[in-house]
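Me: I'd like a close look at one part of this model, chain by chain if that helps. Could you walk me through it slowly?

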Amino acid sequence: MWKFSVRRIMIMIPQLFVLSVLIFVLAKMMPGDALSGQIDPNIDPARIEEIRQEMGWYDPWHEQYARWIGGVIQWDFGQSFRFKMPVTELMGQRIENSFWLSLVTLIFTYLIAIPLGITSGRYNDTLRDSLITGYSYLGFATPIFIFALVMLWVFGFQLGWFPTSGSVTPGLVPGTFDYFVSKVYHLILPALSMALITTYSTIQYLRNEIIDTKQKDFILLARAKGASESRVYNRHIFRNSLLPIAAFFGFEITTLIGGSIFIENIFGYPGMGQLLIESISLRDYSVVTATTLLFGMAAVLGALLSDIILSIVDPRIRIK
Amino acid sequence: MAANSASVENVDVKKKEIKSPSGLSVIGRELIKDKIALISLIFLILVVAFVYGISFVLDQEEIVKVDLFSIYEPPGEEFILGTDYGGRDVFGQLIIGTRNSLSIAFLVTIMTGLIGVVYGLLSGYFGGHVDNIMMRILDFFLILPFTMIVIAFVAIVPKYSIWTFSLIMTAFLWMGIARLIRSKALQEKELDYIHAAKTLGTSNLKIVFKHILPNVSSLIIVTMTLNLASNIGLESGLSFLGFGFPESTPSLGTLLSYARNPQTLEFRWWIWVPASLMILFLMLAVNNVGVALRRASDARQRRG
């Protein structure tokens with residue numbers, strides 16, 4: 001396992017490098033720099049040029065890249081063009097919000113997918129199974145933003161059960177119990193909307209996995225030894241089928257990132273996905289670069305995590 | 001002589017009898033068995049014919065023209081599906097939007113198909129180091145968060161147009177089909193007919209495109225059909241966020257994006273509900289046809 005993990009991390013390093021170069025090039029192509037909005041018009045353009053020179057705007061690109069990546073490693077993404085504050089500060093609260101949203105979505109996803117997947121696999125080719133398969137097929141075919149809009153319309157506006165925007169009721173003091181309850185309350189609808197639509201892969205995978213395991217010899221043996229039906233399913237089949245699901249955990253992160261952009265924009269939830277869209281429309285490119293890089297890194301790390309879990313679960317992948 | 005020609009005919013007849021059913025007739029039988037796929041196909045043909053046919057009559061300029069006297073009209077006599085905030089006819093926008101969304105989905109599907117098939121075939125056929133390097137490149141593209149990267153590119157491209165939009169989408173969508181074709185090509189190249197072709201001295205390129213390509217064609221058709229469905233979703237998703245079509249060219253996504261205004265979402269259903277239903281039905285229908293095609297391409301799964 002260690003050998004595999006080390007080799008897998010070695011593959012990740014060039015991936016991260018290429019990702020950072022790609023985003024650096026994107027950043028360089030974006031119009032404007034930290035100075036464009038900052039300087040009042042009375043200052044002589046020659047002076048601006050001087051400052052640019054001092055800041056290294058005209059240095060060779062590899063020097064600029066080294067400086068930028070050096071900052072990134074120290075968690076410094078430069079200044080926001082628009083808000084005149086460090087990008088890190090601007091992102092702080094939003095990273096936290098996005099993290100909670102992803103976590104609650106994951107919990108909902110597994111809470112919905114695991115029982116449905118097990119039922120569907122255990123009673124395959126019955127009415128129950130067809131209903132569950134039908135639901136996951138609809139989930140596969142429905143785009144997340146349409147589903148989220150409908151959820152917001154029904155439960156947010158028509159029924160009024162849930163708040164329609166924000167991450168917390170304004171005026172509450174952080175740290176109090178009310179604050180916590182309000183946060184959770186704001187999370188439920190967006191997280192549920194995303195979870196209901198992204199469960200299909202887990203359900204289908206679990207279903208196929210259980211149908212496969214059901215026909216293995218060790219299950220026959222367990223039955224022959226007189227294990228009860230519930231014991232066969234809960235102890236033998238479930239445990240064997242669940243491990244590969246764990247391995248997909250890392251890939252869920254990529255799905256969550258893609259979904260969070262839509263969810264956060266539709267539900268007005270102040271997270272990283274909303275920040276990205278906002279900063280693009282404000283042409284605040286240093287923030288765009290930072291958010292894109294962070295999302296890209298999260299996806300790379302998610303793939304790494306999946307591969308390592310998979311190597312623990314499935315010995316065939318390990319390198320001898 | 002006469003007897004001879006008769007026996008030749010006889011052989012011909014026998015040949016016909018043992019001939020395996022042609023691709024089209026297999027698909028036809030599969031569709032007749034699978035009623036949902038058949039209905040989906042008819043729905044698709046009708047939508048495509050209607051939408052492309054009527055846009056010869058309908059003038060896009062006329063529909064996107066702002067009319068301040070009829071802002072937010074609910075559905076009625078004059079406007080079947082009401083109007084939006086610029087007093088523009090929603091029904092007309094729906095038709096033109098469907099046409100634009102379908103066109104770009106077709107375009108992106110074909111371009112990703114071309115790149116993916118060639119990439120996958122070469123990588124799978126040559127194998128070894130070539131395959132290793134090509135797969136590492138593909139892996140890298142695969143982990144990029146699609147929506148994010150496309151949005152960042154769309155934001156910085158100067159002279160943004162439908163072409164640049166579809167090129168950007170293509171650049172980050174060719175990997176799925178490439179990987180499928182590659183694994184199929186890996187299997188295919190071990191078969192005897194390829195060894196025979198190699199022994200006869202056929203050039204590599206000829207083997208790849210004349211021998212392997214026809215044998216993976218059913219996989220290509222199935223994958224591209226399923227990709228078409230997801231491309232419709234991706235395009236409308238990007239347009240929904242405001243990073244797809246410019247507003248002067250309506251798409252299904254731009255109609256939906258009006259629902260980002262809570263007022264529209266809550267009180268003016270006629271603007272966003274028809275477009276959502278259209279996207280949903282189109283994606284479901286294309287998927288159903290794709291799934292039926294997949295069954296038809298695999299003799300073990302056929303129902304017909």
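At which residues of chain A does UniProt place the feature "transmembrane region"?

Reply: Before chain A, a word on what you're looking at. It's a predicted model, in which local features need pLDDT of at least 70, side-chain atom pairs count only at pLDDT 80 or more, and totals for chains, interfaces and linings use all residues. Residues are numbered from 1 along each chain as its sequence is written, while chains are lettered from A and ligands numbered from 1 in the order in which they are written.

Now to your question. An unreviewed UniProt entry puts "transmembrane region" at residues 99-118, 138-164, 184-206, 241-267 and 287-313 of chain A. Such positions are given in the numbering used here, with shortened feature names, and the annotations may be inferred rather than shown by experiment.

Let's zoom in on two of those stretches. Residues 99-118 of chain A are 100% helix and 0% strand, with end C-alpha atoms 28 Å apart. For residues 138-164 of chain A, the figures are 70% helix and 0% strand, and the end C-alpha atoms lie 25 Å apart. Helices here are DSSP runs of H or I with at least four residues, strands are runs of E with at least two, and both are numbered from the N terminus.

What about the whole chain? Chain A has 13 helices and zero strands. Of its 320 residues, 35% are buried, meaning that 20 or more other C-beta atoms lie within 10 Å of the residue's own, with C-beta atoms placed from the backbone (12 or fewer is exposed, in between is partly exposed).

Chain A is also split into domain 1 (2-87) and domain 2 (90-313), with bounds from an automatic or database domain assignment. Taken over C-alpha atoms, the centres of domain 1 and domain 2 of chain A are 33 Å apart. Where they meet, domain 1 of chain A gives 25 residues and domain 2 of chain A gives 19; a contact needs C-beta atoms, placed from the backbone, within 7 Å. On the domain 1 side, helix α1 (residues 2-29) of chain A supplies the largest share, twelve residues. By class, that side of domain 1 of chain A has 16 nonpolar, seven polar and two charged residues. Nonpolar covers Ala, Val, Leu, Ile, Met, Phe, Trp, Tyr, Cys and Pro, charged covers Asp, Glu, Lys and Arg, and the others, Gly among them, are polar.

Finally, the neighbour: 31 residues of chain A are in contact with 28 residues of chain B.

Note on methods:
Two residues are in contact if their C-beta atoms, placed from the backbone, lie within 7 Å.
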